[in-house]
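This report is meant for a reader who meets the structure for the first time. Please keep the sequence and the 3D view at hand while reading.

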Amino acid sequence: MSDAILKQLAQVLEQRKQSSADESYVASLHQKGLNKILEKVGEESVETILAARDAEQSGDNSKVVYETADLWFHSLVMLSHLDIDVDDILNELERRFGLSGLEEKANR
């Protein structure tokens, strides 16, 4: 998989940011402000965690995939609201290649 779908979604989210809140869920989130967006990110985080816990027991990962997609979506809305480009996140992830997790954490 490439990063193309994330970039495509980020572009759509930027376009919807300018839409009417009556016509776009994304626009309605932006209109409600950062706290509402963060509330959604938090909600989706919890749902992802619960789905992962259930998946470990059931062996069915479908809810984890669904909830993670929601989490990523709402995280991208948050980034859009803060005018952070998805490339900034991808570049940071790329920068971390070749570093051990322990080394990266120690460098903070």
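With which residue does Asp 3 form a salt bridge? The partner of Asp 3 is Lys 7, and the closest N and O atoms of this salt bridge are 3.5 Å apart. The coordinates behind this and every other value belong to a predicted model.

## Overall architecture

The chain contains six helices and zero strands, so that reading from the N terminus the order of elements is α-α-α-α-α-α. Taken along the principal axes, the box filled by the C-alpha atoms is roughly 45 × 35 × 30 Å.

Of the 108 residues in the chain, 27% are buried, and the accessible surface comes to about 7,700 Å², with 53% of that area belonging to carbon and sulfur atoms. When contacts between residues at least 6 apart in sequence are considered, 59% of them join residues at least 24 apart.

## A buried leucine in helix H4

Leu 76 is part of helix H4, which covers residues 62-81, and because its relative accessibility is 9%, under the 20% limit, Leu 76 counts as buried. Leaving aside residues up to four places away in sequence, Leu 76 touches Leu 6, Leu 9, Leu 13 and Val 86. One of these contacts spans a long stretch of sequence: Leu 6 and Leu 76 are 70 residues apart along the chain, while their C-alpha atoms are separated by 8.5 Å.

## Ser 80 and its neighbours

Helix H4 also holds Ser 80, which has a relative accessible area of 3% and is therefore buried. With residues up to four places away in sequence not counted, the residues that Ser 80 touches are Leu 13, Glu 14, Lys 17 and His 30. Leu 13 is thus named among the contacts of Ser 80 and also among those of Leu 76.

## Charges and salt bridges

The chain carries 12 positive and 21 negative side chains, and the centres of these two sets lie 3 Å apart. The count of salt bridges comes to nine. In the pair already introduced, Asp 3 counts as partly exposed because its relative accessibility is 31%, and Lys 7 is likewise partly exposed, with a relative accessible area of 31%.

A further salt bridge brings together the side chains of Asp 83 and Lys 17, with an N to O distance of 2.9 Å. This pair links distant parts of the chain, since Asp 83 lies in the loop between H4 and H5, whereas Lys 17 lies in helix H1 (residues 4-17), 66 residues apart. Are these two partners buried or exposed? Asp 83 is exposed, because its relative accessible area is 62%, while Lys 17 is buried, because its relative accessible area is 18%.

Within helix H3 (residues 34-58), Lys 40 and Glu 43 lie three residues apart, about one turn of the helix, and their side chains meet in a salt bridge of 3.0 Å from N to O. Lys 40 counts as buried because its relative accessibility is 13%, but Glu 43 is partly exposed, with a relative accessible area of 31%. Elsewhere, salt bridges that share partners join Asp 3, Lys 7 and Asp 87 into one network.

## The loop between H4 and H5

Asp 83 deserves a second look for its backbone. Most residues other than glycine have a negative phi. Asp 83, although not a glycine, has a positive phi of about 55 degrees. The residue is found in the loop between H4 and H5.

Ile 84 is found in this loop as well, ahead of helix H5 (86-96). Why does Ile 84 count as partly exposed? Its relative accessibility is 32%, and partly exposed residues are those in between the limits of under 20% for buried and over 50% for exposed. Ile 84 also contributes, together with Leu 82, Ile 89 and Leu 93, to a nonpolar surface patch of about 310 Å².

Notes:
Residues numbered from 1 in each chain as written. Predicted model: local features only at pLDDT ≥ 70, side-chain atom pairs only at ≥ 80, totals over all residues. Heavy atoms only, no water. Helix = DSSP H or I, 4+ residues; strand = E, 2+ residues; numbered from the N terminus. Buried < 20%, exposed > 50% of the residue type's maximum accessible area, 1.4 Å probe, protein only. Contact = heavy atoms within 4.5 Å. Areas by Shrake-Rupley, 256 points an atom, 1.4 Å probe, with all protein chains shown as cover. Lys, Arg positive; Asp, Glu negative; His and termini not counted. Charge placed at Lys NZ, Arg CZ, Asp CG, Glu CD. Patch = residues over 30% accessible without salt bridge, like charges linked within 9 Å, V, L, I, M, F, W, Y side chains within 5 Å. Salt bridge = Lys/Arg side-chain N within 4 Å of Asp/Glu carboxyl O.
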